[in-house]
Amino acid sequence: MINLKSPTEIESVRVAGRIAAGTLDFLASKIKPGVTTEKLDSLGHEYILEHGGTPSSLGYRGFPKSMCISINDEVVHGIPGKRRINEGDIVKVDVTVYKDGFHGDTARTFMVGQVPPKARDLVEVTRRSLELGIEVVQEGARLGDVGAAIQEYVESNGYSVVRSFVGHGIGRNFHEDPQVPHYGRRGTGLRLKEGMVFTIEPMINEGHWEVKVLGDGWTAVTKDGKLSAQFEHTLAVTGNGADILTL
Ligand code: MF3
Ligand code: CO
Ligand code: CO
């Protein structure tokens, strides 16, 4: 069941989303060789609390930390810990903030120092694929149009779209209907309506799209050990395109 949000509710998602985006801005300068992912997590946790929010991920289905940090071949849901960031890594940080009854969810891939050209290209293609998906969003468009725009661009650049994780509705709950695949066929799928609020969060692999989950029960990695990148925004459908709520 998809619940449409009122303008007031959308503003509440924006308040939470802005704190999540601010957390990523704040962490950007802290992501350096030698820092542990648990240090980044605790700095981000403090930032969220100082801004009046709480981290949605902490305790979500038993997730033990305040955000997901996934490095190189880790696709999503990496658990912050003792691992240290290295020069040349690509680091995905995914932050969701809860404030005044609503969630906002956003992720970026950070490049640490001198990153190999191949990795840089993957990150740029992933960033662009999210923009292209967002450009398709408007009242009357269909979710298959969004997925197709992302998939066609990604595959024409020689990369692949992860299938087993998708974007999602968001609002009073962290994850709501609908599911938002980053692949698909034009003219198929749910028709978008004003007041729908969901994430688009393409996970793009350098090699094959298959992933597996590690023994910690959370960390998803590429099956072939190659790199993966991700960007995520939360947005609202308006009569006049997408309104990005995580800027
Ligand atoms: N933020 C992730 C998403 O984009 C979900 C993380 S769930 C967690 O949907 F428990 F791992 F934090
Ligand atoms: Co997220
Ligand atoms: Co999400």
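# Briefing: a pocket, a cobalt site and some backbone oddities

The lining of the largest pocket breaks down into 10 nonpolar, 7 polar and 7 charged residues. Keep in mind that you're looking at a predicted model. Besides that pocket, there's a cobalt ion (ligand 3) held by Asp105, His168, Glu201 and Glu232, and an open sheet of 3 strands. A few backbone spots are worth a look too, including the cis peptide bond between Asp177 and Pro178.

**The largest pocket**

- The space inside the largest pocket comes to about 510 Å³.
- Its lining is made up of 24 residues, and the ones closest to the centre are Tyr60, His77, Phe165, His168 and His175.
- Two elements each give two or more residues to this lining: strand S4 (90-99) and strand S8 (176-180).
- S8 is the top contributor, giving 4 residues to the lining.
- His168 turns up twice in this briefing: it's among the residues closest to the pocket centre, and it's also one of the protein donors of the cobalt ion (ligand 3).

**The cobalt site**

- Four residues supply the protein donors of the cobalt ion (ligand 3), namely Asp105 (OD), His168 (NE2), Glu201 (OE) and Glu232 (OE), and they lie 2.0 to 2.2 Å from the ion.
- Don't expect a tidy geometry here: the site of the cobalt ion (ligand 3) has 6 donor atoms with angles running from 51 to 162 degrees, and it's irregular.
- For reference, ideal angles at a metal with six octahedral donors are 90 or 180 degrees.
- If you want to find the donors of the cobalt ion (ligand 3) along the chain, look for the spacing D-x62-H-x32-E-x30-E.
- The pair His168 and Glu201 links distant parts of the chain, 33 residues apart: His168 is in strand S7 (residues 167-169), while Glu201 is in the loop between strand S9 (197-200) and strand S10 (203-205).
- Both members of that pair are tucked away: His168 is buried at a relative accessible area of 6%, and Glu201 is buried at 8%.
- Asp105 does double duty as a bridge between the cobalt ion (ligand 3) and the cobalt ion (ligand 2), and the two ions lie 3.2 Å apart.

**Backbone oddities**

- Asp177 and Pro178 are joined by a cis peptide bond, with omega at about 0 degrees.
- Pro178 sits in strand S8, the strand that gives the most to the lining of the largest pocket.
- Asn72 isn't a glycine, yet its phi is positive, at about 55 degrees.
- You'll find Asn72 in the loop between strand S2 (68-71) and strand S3 (74-76), where it counts as buried because its relative accessibility is 16%, which is under 20%.
- His77 isn't a glycine either, and its phi is positive at about 65 degrees.
- His77 belongs to the loop between S3 and S4, and at 24% relative accessibility it counts as partly exposed.

**The open sheet**

- Its 3 strands are arranged in the order S6-S10-S13, and the pairing is antiparallel.
- The edges are taken by strand S6 (160-161) and strand S13 (228-230); each has a single partner strand, so one side of each has no neighbour in the sheet.
- In general, strands of a sheet pair through backbone hydrogen bonds.
- S10 and S13 run antiparallel and are joined by 3 bridges.
- To spot the match between these two strands, start at Met203, whose bridge partner in S13 is Gln230.

Terms used: Residues are numbered from 1 along each chain as its sequence is written. Chains are lettered from A and ligands numbered from 1 in the order in which they are written. This is a predicted model: local features need pLDDT of at least 70, side-chain atom pairs count only at pLDDT 80 or more; totals for chains, interfaces and linings use all residues. Side-chain values use heavy atoms; hydrogens and water are left out. Donors are N, O and S atoms within 2.8 Å of the metal (3.2 Å for Na, K and Ca); water is not among the atoms, so sites may look incomplete. Four donors count as tetrahedral if all angles lie between 85 and 135 degrees; four count as square planar and six as octahedral if opposite donors are over 155 degrees apart and all others between 65 and 115; anything else is irregular. Buried means under 20% relative accessible area, exposed over 50%, partly exposed in between (1.4 Å probe, protein chains only). On a 1 Å grid over the protein atoms alone, a cavity is a set of points where a 1.4 Å probe fits but cannot get out, and a pocket is an open set with protein on both sides within 12 Å along at least five of seven lines; lining residues have an atom within 4 Å of a point. Grid points are joined across faces, edges and corners, and a volume is the space filled by probe spheres set on the points. Ala, Val, Leu, Ile, Met, Phe, Trp, Tyr, Cys and Pro count as nonpolar, Asp, Glu, Lys and Arg as charged, and the others, Gly among them, as polar. Two strands pair if DSSP finds at least two bridges between them.
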